[in-house]
Each structure stands twice: as C-alpha cells, then as structure tokens.
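Q: Please take a close look at one part of this model. I would like to see how a single strand sits among its neighbours, and then what surrounds it further out.

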Amino acid sequence: MEISYWVLAFWIFLCLFASGSSSIENFRQAFPIVEPDPGHTKLRLAREGLEAIERITTPIAAVAVIGPYRSGKSFLLNQLLSLSCYEGFGVGHMRDTKTKGIWVWGTPIEMDIDGVKSSVLYLDTEGFESIGKSNVYDDRIFALATILSSVLIYNLPETIREADISRLSFAVELAEEFYGRVKGQDVAFEPAKLLWLIQRDFLQGKSVQEMVNEALRHVPNYDGDKNIEQVNQIRDSLAIMGDNSTAFSLPQPHLQRTRLCDMKDGELDPAYVQKRDQLKEVVASIIRPKIVQGKPLNGKEFVSFMEQILEALNKGEIPSTGSLVEVFNKGILERCLKLYSERMGKVALPLSEKYLLEAHEGSRGEAMEVFDEQHFGRYHAKKSVTTLDEEIQKIYKNFILANEYQSSKLCEALYTRCEDKMDQLQVLRLPSMAKFNAGFLHCNQSFGKECVGPSKTNYEQRMTKMMQKSRSLFIKEYNHRLFNWLVAFSLFMVVVGRFVIKFILLEIGAWILFIFLETYTRMFWSAESLYYNPVWHFIVATWETLVYSPILDLDRWAIPICVLAAILVLYWRCYGRRKHGSRGLLPLYNNHKGGSNRRRSD
C-alpha cells in the first residue's frame, strides 16, 4: 500500500509538471485580456490573458491597432507578426465584428531597444461603430488602448474623416483624464506614438503625411462661427500627440479580400508586400518601452496599471463621442451651480460683507471641488471652469444685492425704532436727564449690535446725526420744562399742605420753593443764569434722584402713585381721626376757638 501511494503521488506530480510545461506552448496564440460585459457597456479583465503578460520580466512595449470594425485590423497585426490567419489573431469575414474587447498575442517579440532587452506585445482591439454597442463602450476601448500602448496604429480605410479626428481627439482626452485620476492630476500623461495608417491605393498627388497635416490644420474662422470653433478645439486637444505623430500609407494587398487568409506573400500585391515590410521597420524604429511616471513596466506592473485604469474607466461617468463634451460638463456645471446656490441659501441675511465673502468663498470652493472631481477633459474643462466661475459670480452678485436690501431693511427698522424712542423721551411727563441718557445709550447699543451688513455705515452716520440733534433739543428744553414743572409743583404742594393734609411745614416749604423760583429770576438774573447756580444744581440732582433710578421710574408710576396717595389721604381724613382722635402727630392747623371746651348751656 505504501509503494502504491508513493507511485500515485509521483504520477500526480508528473502530470502537474507536464501540464505546466505544456502551458508555455499554449502562449503562442491570442488571448483576451479585456472583455465586454453582457450589456456591452463596460469592460472587465480576462484572467488567462493577464497570465500571459504577468510572466514577462523585461520592460514591455505594446503596439495597439485601433480603427473601425471590418477595416482589417486583425489581418494587419498578423502581417506584422508574420503569422497566417489560422495561427494568429482571428479574422472574420462576417458582418459582425470578430474581435471582442482587447486581445494580446501571447508570445511577445523580444527586441533590443536602446540597448535594453524589451518585450513587444501586439494588441488587437474591437472595432468601433459596429452594431449593438454603445458609444461609451467604444470610447473606453479606444481610451484604454491609447493609455496602454507605446505605438498606437490608427487604421483607417481610404481617407481621414472629421469623425475620425473627433474620435481620436476624444480618446486621447479620455485617456489623459482617467490617467490623471489614477496617477494624480499633477502627473503628466505620456502619450503613445501615433501612427496614422491610411489603406488606399492612390493619394491624388499628395503624400499621406501631407494629407494628415491638412486634415489637422486649423480651419479659418473669421466670423467666429461656433461650429468651426468646435472643430478647431478638437484639433487643439490633439496637441499632446504633437511630434509623436507619423503617417504611413498601405495599399490593398489583393482585390479578393475574402481570400487573403489563404494567400502567400507571392500571391499578394508586390507593392503591398514592400510597404508592409517598410511598416514593420517604421514600427520597430519608433517603439519604446511603456513609461509610467518615468519608469518602464514589467509584466506584473503592466497588469496592475491596466487594472487601475480599467477600474477608473468603468467607475467614472463619461460622455460619449456621440454627444459634445461641453454638454456633459454643462450638466455637471448646473449641478455645481445648484450646490453653490443651496449652500449660499442657508446663509442667514443680512451679513457683514466680510462674512458674506467668507460664505461665498467656502461655497465656491465646494462647488469647484465637485466640478474637479466630476468634470471631463482638461481642454474642455478650462472653458467650463471659466463659465462656472462666471455663473457663480453672477449668483454672488445677486446675493450681494439681496444682502444690501436686507441690511437696509433691518437698519431702517432699527433707526425708526430709535427715532420713535427719542421722540418719546422728548415729551416725558417728568423730564429726566438720567432717563434720557439711559434710553440714548440703549438705542446706540442695540443699533450697533443688531444693524449688520453693508448699509450699517450709512445708517450709523444718520443715527449719529439724529441722536445728536435729539440730545441737543432735550438739553435745551430740559431746564425750562423742569423750571415750569417745579413752579407748578410748588403751588400744588401749597394747596395740598394747606387744605388737604393741613401740614404747615409742607406748605411753608412749598412757599419757599415758589418764592425762590419766581423772585430769583426776576430780581437778580435771567432764568438761564439760574441754571448755573449751585442751588439749582442741588435741586436738579434731588429731582433726578427722585424721578428716575434703576429701581423706580417715577415718570411711569407717577399717576398710580398719586392715585394711591389720594386714596390714603382720603382714608386718613375720613377714618383716621375717628380712630385716633383729634390729636395728631404733626403740627396741623387748629381751628378751635376759646369757647370750644365750655359746658353747653341750656
């Protein structure tokens, strides 16, 4: 049993070793590395193809062919690899596209590039504009090939259309955008070498390079036409490819295209074979290892980089070439403006200009941050950012006007309230400088605290003038009103002391005050001179102490106190004497005559 066990284990080991060694042979075929999801809208990785790449330890350089479906991309790659259709990439003759997603030839071509041993991968991409796919899917394929490749062969039949330029421009911008999202916006995008491959038999006297240059030349726009401006903007976005662009023409290999896979080189058009060999030399001369952040990538690093880019492409919301990028960014711009308006709408107006500016800067920064995260395209985004900032400034100006209106409304209400308060203090029943000063100070403090916003300075000036005027008027009338009130008060107390409570000392004091007020101003000086007399100052100080204090405001309680005093006096007059007799505690008037105690006669 032990011997059979070891024999079985040894046999399993040999099987595993044999399968591992045979898998290396299997790498000499095409593998999918990126596949479409069932809905043909997003991309996903294919594990078997990644294993073919991960085993590479030398720097990788990738050659990718892109172009419309049924344009001969797979056949071209087989020609570059010197493989037949039955050995290399699958070639389809049906109406539907043969290649799905992105495929890689499992056995890289070893080359010595600038003295460095490198592995050249050949990538076949699914043709765009085929039936049953969304534009977003095509754009992701295009952009991913642009990012991954060292040489990007743009395979076009016959001529260069405006749609071809637009699609390439969009793919380059898409690649640049999502490369920045993965590696950081400050990291420069290293574009691939672009090879314009035009498959046509004649060029009408122009070289293919002249045709490409003419197609990419700016269109004169003297009238400022928006459509022409859009066309030129597309050409500007290709500036990143710059000197990395090369043009090459390739004639048709044979008139019977469906039999190409069965033909040897001797059966193909000699001009085609010659140009094909030249194309191989051109590709070999311009290819360089893929550089990311200044570093070449080996197999595992290349797969990791591809996973990051693919995740960003699938997760990011992107427009399609079927719609203008500005339209896509316009939707984001509107959402950012709405966010700014919502944030500013939460600010309670009025505010000081400083705090309103701080709220504006905070809301603007938040809106710009959202736009930076969601916008598409660096070239298109510049215009959108300018537009966003202009629209934010327009909304901010509206908030400034609203703040000025609310500030003016609030300060006007506070000003009117203080003005009414000053008018009330002018007509106090019992004039009091202390009460006027207290009201004056309260108005100043409440106005300074509650009036905010841009209108505050203007209303503070108006408030100062109004308060100074009210104060001057009150001081001017204060002494006259107090003098007249004291004269009337002294006469009133004479009557009260004489006839009501019959208190002789109260009557005498009232007479002294009346005589002083009347005779002093007539016999010696004017009434104004009285106001500088120390006696008058003593009278004023006593008056102020009695009339107004933090505890008692006699102006407010004068009538209730007088009514209460009258009630007490009446009570004392009517019931006090009966209870305590005629003998009083105070020196009252005595109207009894000498015979009042005599015995009553018959």
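A: Start with β5, residues 109-113, which pairs with β6 in the antiparallel sense over five bridges. This is a predicted model. One pair in that ladder is easy to find: aspartate 112 stands opposite lysine 117 in β6. The two strands form a hairpin with two residues between them. In that hairpin, aspartate 114 takes a positive phi near 50°.

Now follow β6 itself. It has other partners. With β4, β6 pairs in the antiparallel sense, over three bridges. Here isoleucine 102 stands opposite threonine 125 of β6. With β3, the sense is parallel, and the pairing runs over six bridges. Look for alanine 62, whose bridge partner in β6 is leucine 121.

How enclosed is β6 by the rest of the structure? Eight of its ten residues are buried, so the strand is largely enclosed. Buried here means under 20% relative accessible area.

Next, turn to helix α2, residues 47-54. Its buried residues are Gly49, Leu50, Ala52 and Ile53. Viewed down the axis of α2, they fall within an arc of 155°, so they line one face of the helix. What does that set of residues pack against? The buried residues of α2 pack against the strands β1 (30-36), β2 (43-45), β3 (60-66), β4 (102-105) and β6 (116-125). They also pack against a helix, α9 (299-315). So β6, β3 and β4 appear again here, this time as packing partners of α2.

For another part of the chain, go to α13. This helix has 18 residues. From its first C-alpha to its last it reaches 26 Å, close to the 26 Å expected at 1.5 Å a residue. Its buried residues include three phenylalanines, Phe436, Phe440 and Phe447. Met433, Lys435, Gly439, Cys443 and Ser446 are buried in α13 as well.

Past α13 (433-450) comes a loop that leads to α14 (456-500), and serine 455 sits in that loop. Is serine 455 buried or exposed? Its relative accessible area is 12%. The cut-off for buried is under 20%, so serine 455 counts as buried. Leaving aside residues up to four places away in sequence, serine 455 touches Glu404, Ser407, Ser408 and Cys411. For glutamate 404 there is a polar detail too: its backbone oxygen lies 3.5 Å from a polar atom of the serine 455 side chain.

Key: Residues are numbered from 1 along each chain as its sequence is written. This is a predicted model: local features need pLDDT of at least 70, side-chain atom pairs count only at pLDDT 80 or more; totals for chains, interfaces and linings use all residues. Side-chain values use heavy atoms; hydrogens and water are left out. Helices (H or I, at least four residues) and strands (E, at least two) are DSSP runs, numbered from the N terminus. Buried means under 20% relative accessible area, exposed over 50%, partly exposed in between (1.4 Å probe, protein chains only). A polar contact is a pair of N or O atoms within 3.5 Å; within protein, one must be able to donate a hydrogen and the other to accept it, and residues adjacent in sequence count only if both atoms are side-chain atoms. Contact means heavy atoms within 4.5 Å. The arc is that of the directions from the helix axis to the C-beta atoms. Two strands pair if DSSP finds at least two bridges between them. The expected span of a helix is 1.5 Å times one less than its number of residues.
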